Amino acid sequence: MLTLEDIDALHRAYEGHPVPRFVVSATLATELKSTISIARRISISSKNAQAITARAGTWGQGFSGITQFIDEFSRNTIDCANRISETSRQLSQASVTLIARRTMADRLGRVMAHHAKVEALSQLYDKYAASAEKLEEENERNFHQLRKLIEEIRDCTRALNSIVATCRIEASRAGPFQQALFVIAADIEEAAWEIGEQIKVGKKILDMLGRS
Amino acid sequence: MHSETLLECKTHRWIICGRDPDKPDKIIDTNQYMVRTDTRMIILDPGGIELFSSMLACALNYAPIHEITDLFASHQDPDIISSLGLWDQALPKGRLHAPWLWEGFIRHFGMNNIEYVPIADDGGEINLGSVSLQIIPAHYLHSSGNHNIYDPELKILMSGDIGASLEPGQPPLFVEDFEAHIPHMEYFHKRWMPSNYAKNDWIKRVRQLDIEYLAPQHGRIFRGDDVKRFLDWFERLEVGVGVQASYRN
Ligand SMILES: [Fe+2]
Ligand SMILES: [Fe+2]
C-alpha cells in the first residue's frame with residue numbers, strides 16, 4: 001500500500017512533467033483493490049456480532065439493531081471499491097489507446113503539412129482524430145465518476161465511524177457479552193480507519209489525475 | 001494477468017506474470033519476469049504492446065511506477081519488447097538493457113525518454129544496488145544478438161526463448177513430467193533455433209552455472225533435475241530444420 005509520502009515521491013520523479021493518465025489510473029486501481037478486503041473484514045465482524053447478539057438475547061438487543069447498518073455500509077463500500085477498480089482499469093486502458101490514436105493523428109498531420117492534399121490521408125487523419133476525441137470524452141466521464149465514487153466511500157467510512165460510537169454504548173449495556181462486542185467495535189473502527197487512510201491516498205492520486 | 005512470487009531471499013524476489021486471460025486469442029502467450037529489490041524493480045522481457053495495460057497493472061502490484069527503474073530485452077522480437085513505446089511514456093526514469101546489436105532496430109518501437117544501455121556480445125551485469133544480475137550470452141538462440149539473465153543467489157536462469165513451449169490453454173507453472181513435455185517444445189526448438197554450433201556452445205556455458213530454475217519466456221519452468229534433463233535433451237536435438245523445410249518435396 002502506498003503512503004501519502006510515496007505519492008509525493010512518485011510525483012517528484014516526473015520532475016514537473018504531468019504523470020501520464022494511464023499510470024495514475026492504473027496506480028489508483030491497484031491501491032484501492034485492498035479496500036475491498038478491508039470492507040469484507042467489516043462485513044465479517046458484523047456477522048460475528050449478529051451471532052453474539054443472537055446468543056445474548058435481551059442483553060444484545062441494542063447492538064443487534066446496529067449490525068444491519070454496519071452490514072449495509074460495508075456492502076456499499078465493497079460495491080464502490082469494485083466500481084473504482086473497474087472504472088480506473090477502463091480509464092487506464094482507454095488512455096493507452098488514446099496515446100496510440102493521438103500519435104497516429106499527429107504523425108499524419110505532420111506528413112499532410114508537407115504534402116499536397118491527399119484525400120486518403122486526410123480521411124485517415126479525421127478517423128484517428130475523431131476516435132481520440134471520443135476516447136477523451138469517455139475518459140473525462142470516467143474521471144468524474146471516480147471522484148464521485150471516492151466521495152461515496154468516504155461518506156461510508158464517516159458513517160461507520162459514528163456507528164462505532166453507538167456500538168460502544170450498546171456494548172457497554174450487554175452485560176456478560178460486553179467484552180466480545182467491544183472487540184467487534186474495535187475491529188470495525190480499525191477497518192474504517194484503514195479505509196479512511198486509503199481514501200486519502202486515493203484522493204491524492206486522483207488529484208494527480210486532474211493535473212495530467 | 002496472473003502473477004506470483006517464484007523465489008525470494010533477503011535482498012530480492014523473482015515474480016512471474018503471465019497466463020493473461022484478457023490476452024487476444026491469436027497472440028502467443030508470454031511469461032514476464034520481474035526482480036524486485038527494496039527500492040527498485042526490473043522487468044525482464046516486458047512483452048508486447050497488446051499486453052501493456054495488463055502488464056502495467058500487474059507490475060504496480062509489486063512496485064510504484066517510479067521504482068520500476070530498469071527493463072531488459074533479451075532480443076528484438078515484438079513479443080519481447082514491442083511495448084517499449086508505452087513504457088517509455090510511463091517510466092519517469094528508465095533504462096533499457098538490450099543487445100548493442102539491436103539498438104537501431106528496437107528504437108523503432110518508440111523511445112524518447114528511456115536510456116538504451118547496450119549489452120556487449122560477451123554479456124555483463126545489471127546492477128540494481130543490493131542485487132547484481134549476470135548477463136549470459138545466448139546468441140543465435142534464436143536471435144543473432146541474444147542474452148539470458150542469471151541470478152547466482154537464487155539460482156534462476158531466465159532463458160528467453162530457450163526452453164520455450166507452446167501449449168494450449170493455461171498450463172501449470174512448472175514442468176511436471178519431462179517426457180510428456182517434450183512434444184510441446186520440440187518443434188519450437190527445431191524450427192526457431194538456427195544453429196547447432198551456437199546451441200552446443202550455450203549448453204557448455206550454462207552447464208557451469210548452478211541452476212535451480214530455468215525460466216523461459218513461453219510456457220512452463222524447469223526446476224531441479226528437469227534443468228539437467230532439458231540441457232541433455234537440447235544437446236541431442238538437431239536444430240535449424242527450416243533449411244530442409246524450404247525445399248518442396
Ligand atoms: Fe523471440
Ligand atoms: Fe518469444
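This passage walks through the fold of chain B, its iron site and a few backbone oddities in a predicted model.

Chain B, to start with the overall picture, is built from eight helices and 13 strands. Its radius of gyration comes out at 17 Å, close to the 18 Å that the globule rule gives for 249 residues, so chain B is as compact as a globular protein of that length. The C-alpha trace stretches over about 55 × 40 × 35 Å along the principal axes. Of the 249 residues in chain B, 58% are buried. Long-range contacts feature heavily: if one takes the contacts between residues at least 6 apart in sequence, 65% of them join residues at least 24 apart. What chain B leaves exposed adds up to about 10,700 Å², with carbon and sulfur atoms supplying 49% of that area.

Now for the metal. Four residues of chain B coordinate the iron ion (ligand 1): B:His75 and B:His142, each through NE2, and B:Asp77 and B:Asp161, each through OD, at 2.0 to 2.2 Å. Along the chain, these donors follow the spacing H-x1-D-x64-H-x18-D. The angles subtended by the four donor atoms run from 85 to 171°, which makes the arrangement irregular; a tetrahedral label would have needed all angles to lie between 85 and 135 degrees. B:Asp161 does double duty, bridging the iron ion (ligand 1) and the iron ion (ligand 2), which sit 3.5 Å apart. Together, B:His75 and B:Asp161 link distant parts of the chain, 86 residues apart. B:His75 comes from the loop between strand E5 (68-72) and helix H2 (78-81), while B:Asp161 comes from the loop between strand E11 (156-160) and helix H5 (178-192). Both B:His75 and B:Asp161 are buried.

Another of the iron ligands, B:His142, belongs to the loop between strand E9 (132-137) and strand E10 (147-151) of chain B. The peptide bond joining B:Leu141 to B:His142 is cis, with omega at about -5°. Most peptide bonds are trans, and most residues other than glycine have a negative phi.

Two non-glycine residues with positive phi are worth a look as well. B:Asp45 has a phi of about 50° and is found in the loop between strand E4 (41-44) and helix H1 (52-60) of chain B. Its relative accessibility is 0%, so B:Asp45 counts as buried. Over in chain A, the phi of A:Glu15 is near 50°, and A:Glu15 lies in the loop between helix H1 (4-13) and helix H2 (21-31). With 57% relative accessibility, however, A:Glu15 counts as exposed.

Technical notes
Residues are numbered from 1 along each chain as its sequence is written. Chains are lettered from A and ligands numbered from 1 in the order in which they are written. This is a predicted model: local features need pLDDT of at least 70, side-chain atom pairs count only at pLDDT 80 or more; totals for chains, interfaces and linings use all residues. Side-chain values use heavy atoms; hydrogens and water are left out. Donors are N, O and S atoms within 2.8 Å of the metal (3.2 Å for Na, K and Ca); water is not among the atoms, so sites may look incomplete. Four donors count as tetrahedral if all angles lie between 85 and 135 degrees; four count as square planar and six as octahedral if opposite donors are over 155 degrees apart and all others between 65 and 115; anything else is irregular. Helices (H or I, at least four residues) and strands (E, at least two) are DSSP runs, numbered from the N terminus. Buried means under 20% relative accessible area, exposed over 50%, partly exposed in between (1.4 Å probe, protein chains only). The radius of gyration is taken over C-alpha atoms; the globule rule is 2.2 Å times the number of residues to the power 0.38. Contact means heavy atoms within 4.5 Å. Accessible areas come from the Shrake-Rupley method with a 1.4 Å probe; for residues, only the protein chains shown count as cover.
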